Structure formats: structure tokens, C-alpha cells
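Subject: Handover of a structure and notes on its contents

Dear colleague,

Please find below the structure that I am handing over to you. I would ask you to keep it open while you read the notes that come after it.

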Amino acid sequence: MIRKFDAINKLVGGGISGRSDGSIIHYRGKTPPTDEEIETEFAKMQAEYDAQEYARTRATEYPALAEQLDEIYHNGIDSWKAVIKVTKDKYPKG
């Protein structure tokens, strides 16, 4: 999940921290970005995050790494590819 704090942090190159009241402290003379710059960057970051939904979903559905390695060892790469293809087909790239 993307937060506006992440967008601000990216815009100023780090050197900020958030307070419990929602305000942000800028360190080392960082100039705070405008609301428009924050909204634009936030939208861009959110779109990039959303575009990777398939990858996050796939990651939870793939067999455990130990199971994948066992599949390769006992049945070969082609068999492993067939096992992995089930998940890839279920959750195709955007």
C-alpha cells in the first residue's frame, strides 16, 4: 500500500519523518513539496503499485521454494515449469 508519506519521501529524497499527528518533519533543509507535486507523485506510485497486483498475488500462490526445488530435482525443469505455469495462467501480467 502506498502512503502520501512515501510520495513525499521520494520527492525530497529522504530525510523526513512523520509525527503521530500526521505532520512531517523535513530535515537537512529539505524544501517541502507542494500539494500538487505530492498528489501527482502519489498517483504515479499508486498506479505502479496497482500494476504489480498480479505479481503480489502470484507470490502467495506459488508452491514453497523447497517444493519447487524438489520438483526440479525429481522431475526436471520442464515439469517445474508446468507447475509454475498454473499460477502464471491464473494471474497473468496486467
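The notes below go through the helices, the charged residues and a few single residues in turn.

Please bear in mind from the outset that this is a predicted model.

**The first helix**

Helix α1 covers residues 4-12. Its buried residues are Ala7, Ile8 and Val12. Seen down the helix axis, these buried residues fall within an arc of 120°, so they line one face of α1. This pattern can be understood from the geometry of helices in general: an α-helix has 3.6 residues a turn, so residues three or four places apart point the same way. The cover over the buried residues of α1 includes the strands β1 (16-18) and β2 (24-26), as well as helix α2. Just after α1 comes glycine 13, which takes a positive phi of about 75°.

In the segment before α1 you will find methionine 1. Is this residue buried or exposed? Methionine 1 counts as exposed, because its relative accessibility is 79%. Leaving aside residues up to four places away in sequence, methionine 1 touches Asp6 and Tyr49. Methionine 1 and glutamine 46 are 45 residues apart in sequence, yet their C-alpha atoms are 7.9 Å apart in space.

**Salt bridges**

How many salt bridges does the structure hold? There are six. As a general point, side chains of opposite charge can pair when their charged atoms come close. Three of the salt bridges are described here.

- Aspartate 6 and arginine 3 meet through their side chains, with a distance of 2.9 Å from N to O. Arginine 3 is partly exposed, at 47% relative accessibility.
- Glutamate 39 pairs with lysine 4, and their closest N and O atoms are 2.3 Å apart. Because glutamate 39 lies in helix α2 and lysine 4 in helix α1, this pair ties together parts that are 35 residues apart in sequence. Glutamate 39 is partly exposed, with a relative accessible area of 38%, and lysine 4 is also partly exposed, with a relative accessible area of 39%.
- Lysine 85 pairs with aspartate 89, and their closest N and O atoms are 2.7 Å apart. These two residues are four residues apart in helix α5, which means that about one helical turn separates them. Lysine 85 counts as partly exposed, at 46% relative accessibility.

**Charges over rings**

Lysine 4 appears a second time in these notes. Its charged end sits over the ring of phenylalanine 42, at 5.8 Å from the ring centre. Arginine 56 is placed in a similar manner: it lies over the face of tyrosine 49, 3.6 Å from the centre of the ring.

**The third helix**

Helix α3 spans residues 53-61, and its buried residues are Tyr54, Thr57 and Arg58. Why do these residues belong to one side of α3? They cover an arc of only 100° around the axis, and this puts them on the same side of the helix. The face turned away from this buried side carries the exposed residues Ala59 and Thr60. Among the elements that cover the buried residues of α3 are α2 (35-51) and α5 (77-90).

Arginine 58, in helix α3, deserves a separate look. Arginine 58 is buried yet has no salt bridge. The nearest side chain of opposite charge is that of aspartate 89, which is 6.9 Å away; a salt bridge requires a distance within 4 Å. Beyond residues up to four places away in sequence, arginine 58 touches Thr87, Lys88, Tyr91, Pro92 and Lys93.

**The fourth helix**

Helix α4 (residues 65-75) holds glutamine 68, and glutamate 67 lies in α4 as well. Glutamine 68 counts as buried, because its relative accessibility is 13%. Its contacts, not counting residues up to four places away in sequence, are Tyr62, Pro63, Trp80 and Ile84. Glutamate 67, by contrast, counts as exposed, at 52% relative accessibility. Glutamate 67 and tryptophan 80 are 13 residues apart in sequence and 9.7 Å apart in space, from C-alpha to C-alpha.

Yours sincerely,

A colleague

Notes: Residues numbered from 1 in each chain as written. Predicted model: local features only at pLDDT ≥ 70, side-chain atom pairs only at ≥ 80, totals over all residues. Heavy atoms only, no water. Lys NZ or Arg CZ within 6 Å of the ring centre and 35° of its normal. Buried < 20%, exposed > 50% of the residue type's maximum accessible area, 1.4 Å probe, protein only. Contact = heavy atoms within 4.5 Å. Arc of directions from axis to C-beta. Lys, Arg positive; Asp, Glu negative; His and termini not counted.
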